[in-house]
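Trainee: I want to check the labels put on this model. Can we take them one by one?

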Amino acid sequence: MFQRSLFIAACLFLASPLSTAGQVDPLWLAASETLRASRDLVASEVDTNTVVTDENGKNLDTINKSTKLTGWRDGEPVRTTVKMVESQQSGLGELKFEWGIANHPEQALANADSIVRAGPAVLDGKNAVLFHVTGVQRKRPFTAKVWIDEATRLPLRADYAIKGVPMTKSMAYSVLFGRDEQARWLPLKIDVDTTVSALFYQFRVQSAQQLSNWVKRP
């Protein structure tokens with residue numbers, strides 16, 4: 001029960017997307033505009049693979065979960081679980097572990113108090129520009145590294161680290177971008193790595209979320 005409560009607390013924060021303000025660099029603006037052009041899209045399918053381990057690296061559960069869009073409520077998508085496999089039958093697969101990006105792809109690039117062009121970089125063989133991003137969300141500071149392709153002005157990857165979250169030793173997630181089935185540039189994968197710690201108990205959650213079959217809002 002204690003383990004489940006900690007997991008729920010972490011997931012409640014993860015369900016809240018980042019939203020701050022203030023970007024000035026033209027390359028950042030161009031990358032952000034690409035995502036804003038897709039703000040009316042939602043991922044109709046979300047497949048998530050999650051591994052939960054204790055502080056000694058022992059597996060507590062491996063969860064494979066698939067959900068599909070089945071309706072709408074107040075303009076937001078409603079997804080139904082169509083597949084659930086839990087290696088340890090912990091029940092943790094029933095918990096939501098989302099960032100909101102599947103519903104709002106434009107939020108994959110968080111606006112921030114400070115967006116600094118750090119310089120040229122190479123990511124997966126592509127020439128890019130690295131940005132260092134900082135801000136505060138709900139009194140919790142976050143930092144990020146974002147890689148943007150200078151030639152195409154498309155975001156390639158965004159790595160976020162969040163501090164000050166209760167009962168967590170560390171919380172980080174990465175967004176990887178690419179083209180979907182219709183060649184639209186969108187966030188396609190979210191990798192989460194969080195260590196939850198309280199009193200004398202600690203566990204780590206590593207989750208890979210695939211977003212696909214993007215459709216327009218009604």
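Mentor: Yes. Keep in mind that this is a predicted model. Start here: the side chains of Asp 180 and Arg 184 meet in a salt bridge, at 2.8 Å from N to O.

Trainee: Why is the contact of Asp 180 and Arg 184 called a salt bridge?

Mentor: The cut-off is 4 Å between a side-chain nitrogen of Lys or Arg and a carboxyl oxygen of Asp or Glu. Asp 180 and Arg 184 come to 2.8 Å, so the label holds.

Trainee: Why is Asp 180 called buried?

Mentor: Its relative accessible area is 10%. Buried means under 20%, so Asp 180 qualifies.

Trainee: How many salt bridges are there in the whole structure?

Mentor: A search finds 8. One of them joins Arg 117 and Asp 25, with the closest N and O atoms 3.0 Å apart. Arg 117 lies in strand β4 (residues 114-123) and Asp 25 in the loop between α1 and α2, so the pair ties together parts that are 92 residues apart in sequence.

Trainee: What makes Arg 117 partly exposed?

Mentor: Its relative accessibility is 37%. Partly exposed runs between 20% and 50%, so Arg 117 belongs there. Asp 25, at 14%, counts as buried because the limit is 20%.

Trainee: Which residues are linked with Arg 117 in a network of salt bridges?

Mentor: Asp 25 and Glu 150. Asp 25 also caps the N-terminal end of α2. One of its side-chain oxygens lies 2.8 Å from the backbone nitrogen of Leu 27.

Trainee: Which side chains meet in a salt bridge within helix α2?

Mentor: Those of Arg 36 and Glu 33, at 2.9 Å from N to O. They sit 3 residues apart, about one turn of the helix. Arg 36 has a relative accessible area of 30% and Glu 33 has 42%, so both count as partly exposed. Other α2 residues are buried, among them Leu 27, Ala 30 and Leu 35.

Trainee: Why is the pair of Trp 28 and Phe 131 called edge-to-face?

Mentor: A pair of aromatic rings is described by the distance of the centres and the angle of the planes. Here the centres are 5.6 Å apart and the planes meet at 65°. The limits are within 6.5 Å for pairing and over 60 degrees for edge-to-face, so Trp 28 and Phe 131 meet both. The pair links distant parts of the chain: Trp 28 is in α2, Phe 131 is in strand β5 (residues 126-137), and they are 103 residues apart.

Trainee: How do you know that Trp 28 is buried?

Mentor: Its relative accessibility is 0%, and Phe 131 also has 0%. The limit is under 20%, so both count as buried.

Trainee: Which residues have the most contacts inside the largest nonpolar core?

Mentor: Leu 109, Phe 131 and Val 133, in a core of 42 residues. A second, separate core of 5 residues includes Val 52 and Phe 203.

Trainee: What makes β6 and β7 a strand pair?

Mentor: The requirement is at least two bridges. Strands β6 (residues 140-149) and β7 (residues 155-162) have 7 and run antiparallel, so they pair. They form a hairpin with 5 residues between them, and Arg 153 in the turn has a positive phi of about 65°. On to β8: 6 bridges join β7 to this strand (residues 168-179), again antiparallel. Asp 159 has Lys 145 as a bridge partner and also Ser 174 in β8.

Terms used. Residues are numbered from 1 along each chain as its sequence is written. This is a predicted model: local features need pLDDT of at least 70, side-chain atom pairs count only at pLDDT 80 or more; totals for chains, interfaces and linings use all residues. Side-chain values use heavy atoms; hydrogens and water are left out. A nonpolar core is a set of buried Ala, Val, Leu, Ile, Met, Phe, Trp, Tyr and Cys residues joined through side-chain atoms within 4.5 Å. Buried means under 20% relative accessible area, exposed over 50%, partly exposed in between (1.4 Å probe, protein chains only). Rings of Phe, Tyr and Trp (its six-membered ring) pair if their centres lie within 6.5 Å; planes under 30 degrees apart count as stacked, over 60 as edge-to-face and the rest as tilted. Helices (H or I, at least four residues) and strands (E, at least two) are DSSP runs, numbered from the N terminus. A polar contact is a pair of N or O atoms within 3.5 Å; within protein, one must be able to donate a hydrogen and the other to accept it, and residues adjacent in sequence count only if both atoms are side-chain atoms.
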